[in-house]
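Colleague: Before I use this model, I would like to hear how its labels are justified. Could you take me through them one at a time?

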Amino acid sequence: MVGQPRPRKRVASRQMTEPWWKSAVVYQVYPRSFADSDGDGIGDLTGILQHLDHIARLGIDVVWLSPVYRSPQDDNGYDISDYRDVDPVFGTLEDLDTLIKAVHERGMKLIMDLVVNHTSDEHPWFLKSKQDRHNPKADWYFWRDPKPGTVPGEPGSEPNNWGAVFEGSAWHWVPERGQYYLHLFSVKQPDLNWDNPQVREAVYAMMRWWLDRGVDGFRMDVINFISKDPGLPDGPMTRTGYGDGMPHFSYGPQIHAYLAEMRRSVFEQRPGSYLTVGEMPGVTPQQAREFTSRDRGQLAMVFQFEHVALDQDGDKWTPRRMTVSDLRNTLVKWQDALAEDGWNSLYWNNHDQPRVVSRYGNDTTYWRESATALAGVLHLHRGTPYVYQGEELGMTNVPFADIGDFRDIESLKRYAEAVGHRGADPSATLDTLRHKSRDNARTPMQWTGGDGAGFSTAEPWIPVNPNHVWLNAAAQLDEPTSVYNFYRHLIALRHREPLIVDGTFELIEAPSEQVYAFRRRLGDERIEVYANLSDELVALCLPDSGEVILANYPASDRGRDSLAPWEIRAYKLDS
Ligand code: TEU
């Protein structure tokens, strides 16, 4: 399926004054689940190459590749044992060079995932570090003695009370050293000690090496966790029986210093302009503005989490009803906070989030309408939109049959902890996983309605969603009203209308709680967006002039004084 390279022209005038990434749309590929070229049931780099035209045809500017580095795959590649090589499961370094070249030939850019809060416990740095307390890498990770007066290695002797994201304590005992090491995620993901200048320089050198290889930037995994409060104090107790360390590492004392140093050591030396997006759980609008401000320029943008936490109460396993007002208030707050300075990223989905059409939309009766309405709302905001593989088809959550269908370390640990240790009801626990498991995002990309969804000729590493028989790329490419063509139209619109990139944002007060309406304005032009985010028809007055530039219902069905369930309409008007 590799076609001829298709160099594309871009609006040149504005790009001279703005960084290019402000008018870009990014597509995230999760390589394990995108396309399997060699029939082992696992996606790979050649599979991505073979389907690159799917991404190019959508109008995408940047491909973000989730990790393909050498890795024991404890957390599907977010546990890296060699930053300068490709894991054999995905191919070779040459395959990656070929992919980078093919991406560039199509007028697109490629950014890599940078996972440097932690390495794998199989990384040579860690293997060295754990040997004893005096080796040259002894201080490259967080090593601490057991709590005084306790039995080393026994529960209760951990250096502090922090829990790990993937269950249990954040500390692991290593008899060789007679010490614990810190792992905020799995036990196979030890945290790097960024307070050691050698660690920082090793990371920067690796980043320069990738830029030399031709990559155009980085998505930086939990980059706000790299600076920890010295002393690593206990955190407030949570329902898990462990303390929450977030207050002591999510915005640590050196975070600005380290990101500024990274900017100087890696990016400022070069003539190009790079897309850097920092994944930052817990980041506030004010902090995001500091990280992305024009003056500091530490990062191009950050991924915040507030709008994807509205259906949970504290932790992700405790559900709460999301309301349209919550969603609107959150999105508006972020638009306002970064209006004058800084820049937003815009996303519904990624490899960690359940599918948005199942989560905030209606994936049965109004599947197409809600998938397109949510897409339209997001893409017409100010910021850089991200599309996660399959989102452009309206892919849904997955009816996982039992725990044997899940693969994600987080889901498996959660189940073992809840059912195995706490005696929770297995079927209730499974139900929570069906709603919130990261595996919802990780089932194979649905290319066709055939066996294996066109993803693989072998049995895929994780089951295919049964709805691939009707929900797939082949069924949507030539169907004008498909979710895919709606995304294509949205991306083209952004590239055509400077006001979607640069225009100001303001909320339009709507008569119904279920309607989200907003205005974008630039010079004497404006766009008004009206979206009904509910299953009910709502009455409201819509503009009686202007051009409808976006709609998900046919013209013949559009009323002037109402919006049908999940209807979205955008008007272009002269002020
Ligand atoms: O995720 C960081 C993170 O804190 C969360 O998104 C987390 O994975 C999820 O919400 C748990 O409920 C990043 C990566 O995106 C994720 O895939 C990795 O597992 C994690 O870091 C560790 O590298």
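Colleague: What makes strand β2 and strand β5 a pair, and how many bridges join them?

Modeller: This is a predicted model, and in it four bridges join β2, residues 62-65, to β5, residues 109-114, the two running parallel. Two strands count as paired when DSSP finds at least two bridges between them, so with four bridges β2 and β5 qualify. Within this pairing, L65 stands opposite M112 of β5.

Colleague: Why are β11 and β14 called edge strands?

Modeller: The open sheet has eight strands with parallel pairing, in the order β11-β10-β9-β5-β2-β1-β15-β14. β11 (301-303) and β14 (345-346) each pair on one side only, and they are therefore the edge strands.

Colleague: How do you know that H118, R219 and E279 make polar contacts with the ligand?

Modeller: A polar side-chain atom of H118 lies 2.9 Å from a ligand oxygen, one of R219 lies 3.0 Å from a ligand oxygen, and for E279 the distance from a side-chain N or O atom to an oxygen of the ligand is 3.1 Å. The cut-off is 3.5 Å between N or O atoms, so each of these pairs counts as a polar contact. Of the 490 Å² of accessible area that the ligand has on its own, the protein covers 92%, and the space that the ligand takes is the largest pocket.

Colleague: What makes up the shell around the ligand, by class?

Modeller: Nine charged, seven nonpolar and three polar residues form that shell. The ligand is surrounded by 19 residues, the closest being D75, D221, D352, E410 and R438; Asp, Glu and Arg count as charged, so these five belong to the charged class.

Notes. Residues numbered from 1 in each chain as written. Predicted model: local features only at pLDDT ≥ 70, side-chain atom pairs only at ≥ 80, totals over all residues. Heavy atoms only, no water. Near = heavy atom within 4 Å. Polar contact = N/O pair within 3.5 Å; in protein donor to acceptor, adjacent residues only side chain to side chain. Areas by Shrake-Rupley, 256 points an atom, 1.4 Å probe, with all protein chains shown as cover. 1 Å grid on protein atoms, 1.4 Å probe; cavity = no way out; pocket = protein on both sides within 12 Å on 5 of 7 lines; lining within 4 Å. Sits in = over half its atoms within 2 Å of the grid points.
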